[in-house]
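Reader: I am a first-year student, and I would like a close look at how one pair of helices is arranged. Please go slowly, explain each term where it comes up, and then set that part beside the rest of the chain.

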Amino acid sequence: MTDQAVDTSGVQLSAEGHFLGRTRELKELRADIERAGLDTLSGKKAPRARVLLIAGRPGSGRTALAEELVRQVADRYGDGVLKARLSEPDGTPVPVERTARELLAALDRPTPAGAAEDDLTAALREALADRSALLLLDDAVTVDQVDALLPDTPDCLVVAVSDGPLTGISDVRPCTLGGLDTKSALELLTRHTGSVRITVDPCAAEGLVEVCQAQPAALTMAGGWLAARPKAAVADLAKHLHAEGDEGTPLTRVFRLAYGSLPSPAARILRLLSLAPAGLVDPHTASALAGCSVGGARTTLDDFVALGLLHAVESPLPQYEVPACLHPLLTSLAETQDRPAELQLARARMLERTVRLLQSCRAITETDNPEAREKLQGMPRSLRFPSPRAAEDWLRIRRPALLAAARLAVADGELDTLARRLMSQLVRAMVAHFGTQAAAPDLYGIHRLVLDVAERRELPREKAAALLNLGDLDAQTGRTADALVRYRAALDAGRAANDPYATGRAMESVGGAHLELGDYDRAADWFGRALAQRLARDERADAARLYGRIAAAHTYAGRYGEALRGWRAAVAGYRKEGDVGAHARALSELARVQEYAGRPEESLRTCQEAVEWARRAEDVRLQAALQLRLADTLEHLGDPTAAALHRGAAERLLGEELAEPEAEPERPDPPKHDPDACEIRSTPAED
C-alpha cells in the first residue's frame, strides 16, 4: 500500500503536477460517480460502494489515470484514500487475506496474527461501514479479489484497475483505455526531448506516436532513448523502430531497441532486476544481484529512470520499482541470456546481502552488548546504519520487499539454508524495532514459512520451533484450541529431534492451553510432566515457575490444599534461586489461596512477609496490592483501625493510580519466551 502516484502498469503520466491527456476519460469517470445506479433507479438504497473500473493493457497509463481521478475527487471522501496492489510483479494474485490486513493496518484497526481471510474482510467492511473513504485497488487479477474488499456502504467509492472486465460485480462502471490523443502524446515526448526536435520535424514526431500507438509506456521509453542521444533526430528513432518489424507490441519493440542500446553491464543489471522481490529495488538489492558496488548500482538505477525503464519511488530512502509491463520482458531476457546457475547465484547474493543488512539492523539496537558492537564494527561501512532510528526507518520502508524476499526464497526451494537465515534475522530485527505485539501479524506469516521449509527438509527441531511460535501467536489472539493442536504437534517434533528444550516448552504450553480452556485436571497433569523434566535436568528456576502453574490450576479447580503445597514449593524454589521479585509474587499468591481456604490468620502472616519481599524487590505496585489485601484480611478479622492504616499505606504508595484488587485469583501469565527463541536455536551459530 502506497501513497505515491506511480503508474505500475508502465509510466508516470503526471509530471511537475500536470497530468497529460485523458480529458474525456476523466470527465466520464467523474460523471459515473454522480450517475444513479441500478438500485437507486429501482427505488432501493445502494447496498455497497460504487465500483469504477479502469481497464487497459499494461503500459497504457491505467494506474496514472486512476491516481489522477483519485486526486481530483479525494476531497469528497473525508476519511481519506486507501491504496492496495492486488498482484505481484509477475502477475500472481495477492491473497485477499494479505490485502485486507494491509488495509486494516492503514485504518489503524487491529489485525490479529493468523486471522482467517473471512474474519479480516468482515473486519474491513465493519471498519468502513461508517466511513466515507476512497479505495484504489490496482492491478486486480480476479473478480473475487475486488468483491471481497468492497465496503458495504454507498458512502465509499472503489476505483479498480485491471486488464479487462470485472464480470460478476453488479453496476460496475468500466472505462477502457486506448492510446493518448496525439497532442498529449507529443507533449509527453517533448518532456524528454525538448521542443526543438519535435517542432523541426512534426511529421516524424507524429509518425513516431503512430508507431508507438500512442501508448504512454512506449512513448516514455522512446523519449528516454532520444534524451540520451541529443544529436539523434526523431526520424532516426522511427526508422530504427520500423527496422524492428511488426513483431510484438509497440511496447515490446521500443523496449528491445532501448535494451539493445545499453552497455553490456547495464543490460545485465536490468535483466537481473526481474529477481527483485515485489519488484522493489534499492541500491543494495541491485548491487547484490549484479555483484557490483552500491554506488555504481545507484548510478545505473538512476540512468534507468531517465530512460523510462524504471520508476523512482517517492521515499526517504532511494527506492525504485520495476514497471509491471516490463517485468515479463525482463524475466524472459534473464531466462534466455543468463544460465540458471547464474540466476541462482544472483538470488543467493541478494539474500545474503539482505541477511547481513538485517543483522546490522538488529545489532545497532544492542548498544549494551559488546559482542554485538564488535560484530557491527566488523561489517563494511555500506552495511552499517548511522543510528537505531535510521535502521528502524529502513526496516519499515523495506518491509514489503523483505517479506516478499522470504516468500520467494521459500518458494524457490533451492536456497533453504539462506531462506532460514533470512527468516531468523527478519524475526529478530522486527522484534527488536517494533516489538512482539506490533510485529505479530508479520511474524505469524514468517513462522508459517519456517514450518514449510522444516517439513520439506525434514528438520524436526525447526518444525517444533515454528509450531511453538505459531501456537504462542494463536494463543495470544484467542485461538486456544488451534494453539493446543500446534503445541501437541510441536511436542511430537521435539521428541523426534530429541530436543529437551522444545519438548519441555511444548508440555508446558499444552498445559497452559488446557488451563485457558478450563480443563484444570489436564492442565495440572501437563504442568507436572514438564516439571518432572525440569527437575531431572536440575533447572530450578523453571521448576519453581511450574510449581506455581500447577498451584494455579489446582486453585481454579478449588483444590486449595494441593494449591497451597504447590505455592509453598514455588516459594522455596525462588528463595533458593535468589529471585526476590518472583519470591514476593509467589508469597502473594500463597496468601491469596490461604484466604480462599479459610485461613485468614495464616494469610495475614504470609501477606506481611510478602510485603517485606516486595519492598526488597522495589515493586511498588505489588506492595500496594498487598497492603490492600492486608486491609481486607484485617477487616474480616475485626480490626478496622489496622485495616485503615494499611489502606492509607497503599494510597501513599500509588496515589491516584491505586486500583481495586481483583476479587478472583489471578491466572498466572505463561512463561515469557522470546518469540523467535526456538528458531534462533536452530540456525547456524554465525548468525
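Author: Helix α19 passes helix α21 in a left-handed crossing, that is, the near helix is turned anticlockwise from the far one by less than a right angle, whereas a clockwise turn would be right-handed. The helices and strands are DSSP runs numbered from the N terminus, a helix being H or I over at least four residues and a strand E over at least two. This is a predicted model, in which local features need pLDDT of at least 70 and side-chain atom pairs count only at pLDDT 80 or more, while totals for chains, interfaces and linings use all residues. Residues are numbered from 1 along each chain as its sequence is written, and side-chain values use heavy atoms, with hydrogens and water left out.

Two packed helices are described by the angle between their axes and the distance between the axes. Helix α19 covers residues 388-412 and helix α21 residues 436-457; their axes come within 10 Å and cross at roughly 15°. The axes are lines fitted to C-alpha atoms over the stretch in contact, with angles running from 0 to 180 degrees between N-to-C directions. α19 and α21 are therefore roughly parallel to each other, a label for angles under 35 degrees (over 145 is roughly antiparallel, 65 to 115 roughly perpendicular, and the rest oblique). From α19 the residues R399, L403, A406, R407 and V410 make the contact, and from α21 they are D442, I446, L449, D452, V453 and R456, where contact means heavy atoms within 4.5 Å. By class, the residues where α19 meets α21 divide into 6 nonpolar, no polar and 5 charged. Here Ala, Val, Leu, Ile, Met, Phe, Trp, Tyr, Cys and Pro count as nonpolar, Asp, Glu, Lys and Arg as charged, and the others, Gly among them, as polar.

Another pair can be read in the same way. Helix α17 (residues 340-363) packs with helix α20 (residues 416-434) at an angle of about 25°, and their axes are 9 Å apart. α17 and α20 are therefore roughly parallel to each other, and their crossing is left-handed. The residues in contact include L351, V355 and L358 of α17, together with L422, L426 and A429 of α20. The classes in the contact of α17 with α20 are 10 nonpolar, 4 polar and 4 charged residues.

Helix α12 (residues 250-260) packs with helix α16 (residues 327-337) at an angle of about 50°, and the axes of these helices are 12 Å apart. α12 and α16 are therefore oblique to each other, and α12 passes α16 in a right-handed crossing. T252, F255 and Y259 of α12 meet L329, L330, L333 and Q337 of α16, and the residues of this contact divide into 5 nonpolar, 2 polar and no charged.

Single residues in helices can also be followed to partners elsewhere in the sequence. W613 lies in helix α29 (residues 600-617) and is buried, with a relative accessible area of 17%; buried means under 20%, exposed over 50%, and partly exposed in between, with a 1.4 Å probe and protein chains only. Leaving aside neighbours within four places in sequence, W613 is in contact with V580, H583, A584 and L587. The C-alpha atoms of W613 and L587 are separated by 8.6 Å, although these residues are 26 apart along the chain. R30, in helix α1 (residues 23-34), is partly exposed at a relative accessible area of 29%. Not counting residues up to four places away in sequence, R30 touches L69, Q72, V73 and R76, and R30 and Q72, 42 residues apart in sequence, are 9.0 Å apart from C-alpha to C-alpha.

Loops between helices deserve a look as well. Q213 lies in the loop between α9 (202-211) and α10 (216-227), and its phi is near 55°, a positive value in a residue other than glycine. N498, in the loop between α23 (480-497) and α24 (500-516), has a positive phi of about 55° although it is not a glycine. At 41% relative accessibility Q213 counts as partly exposed, and at 65% N498 counts as exposed.

These parts belong to a protein chain with 32 helices and 10 strands. Of its 687 residues, 53% count as buried, and its C-alpha trace spans about 105 × 65 × 45 Å along the principal axes.
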